[in-house]
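This briefing covers strand pairing, burial, nonpolar cores and aromatic pairs. Please read it alongside the sequence and the model.

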Amino acid sequence: MLRLCVALLVVVLVALAGASGRRATSAPGAARTFRVATFNIHKGAARQGRYDLDRTIEAIRHLDADLVGVQEVMRNHPDFNCDDQPALIAEGLRRRTGRPWAHVHVKAWITENRYCLEHGRGSDVATEGVAFFASGGIVASSSVRLAEGRVGLAVRVAAMPHVPVIVTHLEANRQNQAERSRELSVLLPWAARHGPGILIGDLNAPPEADELGPVMARYRDAWTDAAARGLAGGVASGSTRPGRRVSRIDYVLYEPGVNLALESAEIVDTSALPGLGEVSDHHPVVATFRWNPPAHSNPSNPGAHSY
């Protein structure tokens, strides 16, 4: 009987130790990882132009990110089946992962094209915009218009409510450098009002471009930092444009003042993913961060940082 009691006592102590360990790893203030991705989805079409939103959704699933910001997401456009792409992507991710996916979308380009609406296949005029998809809840969002057809969208997510994440898509083409500068002159002060955070998106300019000077002075480049520490993966050249040797215009950027430690970054060649082939005319960029949430952190209440 004594021997049996001792054995039972040992089992109970081991179980309590295990439970204590699990509580320690999930307790407030424990370090966590958070994966952020940016992806210009090229309207759900491959570089050659074939529309296949299912392949886009599958590519996003493969990124295994907690938060994905996308550019060139369409709604109510006859060239893209009149699809509500933000809603379809969120539903496709839920179906493929078995996890809830929240999303928020804001219109950038707003056209006069009413074809889908007039034919009962859409809910509005044709638009192009930016969106976020989060594998947990989105607790706050806001947007700012930078110029005609250009916006910034900010969110805070339940998993990391004290860190604002902003996605944008700046004016394209080399000759529009002045336009990008004007857009950034609106975006950067607006971002500053939200506090230290992450900026992602298609900035349509290489890191050394003059118009990105104010951006690079304020933010750190996740891929550059990871490459310097041997923690960068994927496309070795750093190009985010398929078929171009060096053309890096898509970024995950983070402010030094934010409570994040960069663990790795990757430029993902979707053509190397199983069964996909080339999905877009851009490669997605993914960065993994480790962060220590404040002991008083409450994911459902970002408190003074709400907006």
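A residue is called buried when its relative accessible area is under 20%. The model is predicted. By that cut-off, both faces of strand β11 are covered, with D250, V252 and Y254 buried on one side and Y251 and L253 buried on the other.

**Strand β11 and its partners**

- Strand β11 spans residues 250–254, and because five of its five residues are buried, β11 is largely enclosed by the rest of the structure.
- Strand β8 (residues 198–202) runs antiparallel to β11 and is joined to β11 by five bridges.
- Within that pairing, V252 of β11 has I200 standing opposite.
- Strand β9 (residues 220–221) is also antiparallel to β11, with two bridges between them.
- Here L253 of β11 faces D221.

**The loop after β11**

- E255 is found in the loop that connects β11 with β12 (261–267).
- E255 has a relative accessibility of 12%, so E255 counts as buried.
- Setting aside neighbours within four places in sequence, the contacts of E255 are G195, P196, G197, R218 and Y219.

**Nonpolar cores**

- The largest nonpolar core comprises 34 residues, and V252 of β11 is among those with the most contacts inside it.
- The others with the most contacts in that core are L67, F132, M160, I198, L260 and F289.
- Another core, of 26 residues, lies apart from the largest one and includes A37, I60, F80 and A90.
- In soluble globular proteins, nonpolar side chains tend to be buried together.

**Aromatic pairs**

- How many aromatic pairs does the structure hold? There are two.
- One is an edge-to-face pair of Y51 and F80, with 5.3 Å from centre to centre and 75° between the planes.
- This pair links distant parts of the chain, 29 residues apart: Y51 is in the loop between β1 (32–40) and α2 (53–63), and F80 is in the loop between β2 (67–75) and α3 (85–97).
- Y51 counts as buried because its relative accessibility is 19%, and F80 is buried with a relative accessible area of 13%.
- The rings of Y254 and F289 also have centres 5.3 Å apart, and their planes lie at 70°, so this pair is edge-to-face.
- Y254 belongs to β11 and F289 to strand β13 (residues 285–291), so the pair ties together parts 35 residues apart in sequence.
- Y254 is buried at a relative accessible area of 8%, and F289 is buried at 1%.

**The seven-stranded sheet and its helices**

- Seven strands form an open sheet with mixed pairing, in the order β3-β4-β2-β1-β13-β12-β10.
- β3 (102–110) and β10 (232–234) are the edge strands; each has a single partner strand, so one side of each is left without a neighbour in the sheet.
- On average, neighbouring strands of this sheet are turned by 20° against each other, direction ignored.
- At one edge, β10 runs parallel to β12 and is joined to β12 by three bridges.
- G233 has E266 in β12 as its bridge partner.
- Helix α2 lies across β1, β2 and β13, and runs at about 150° to β1.
- Helix α3 lies across β2, β3 and β4 (127–134), at about 135° to β2.

Notes: Residues are numbered from 1 along each chain as its sequence is written. This is a predicted model: local features need pLDDT of at least 70, side-chain atom pairs count only at pLDDT 80 or more; totals for chains, interfaces and linings use all residues. Side-chain values use heavy atoms; hydrogens and water are left out. Buried means under 20% relative accessible area, exposed over 50%, partly exposed in between (1.4 Å probe, protein chains only). Helices (H or I, at least four residues) and strands (E, at least two) are DSSP runs, numbered from the N terminus. Two strands pair if DSSP finds at least two bridges between them. A nonpolar core is a set of buried Ala, Val, Leu, Ile, Met, Phe, Trp, Tyr and Cys residues joined through side-chain atoms within 4.5 Å. Contact means heavy atoms within 4.5 Å. Rings of Phe, Tyr and Trp (its six-membered ring) pair if their centres lie within 6.5 Å; planes under 30 degrees apart count as stacked, over 60 as edge-to-face and the rest as tilted. Axes are lines fitted to C-alpha atoms, for helices over the stretch in contact, and angles run from 0 to 180 degrees between N-to-C directions.
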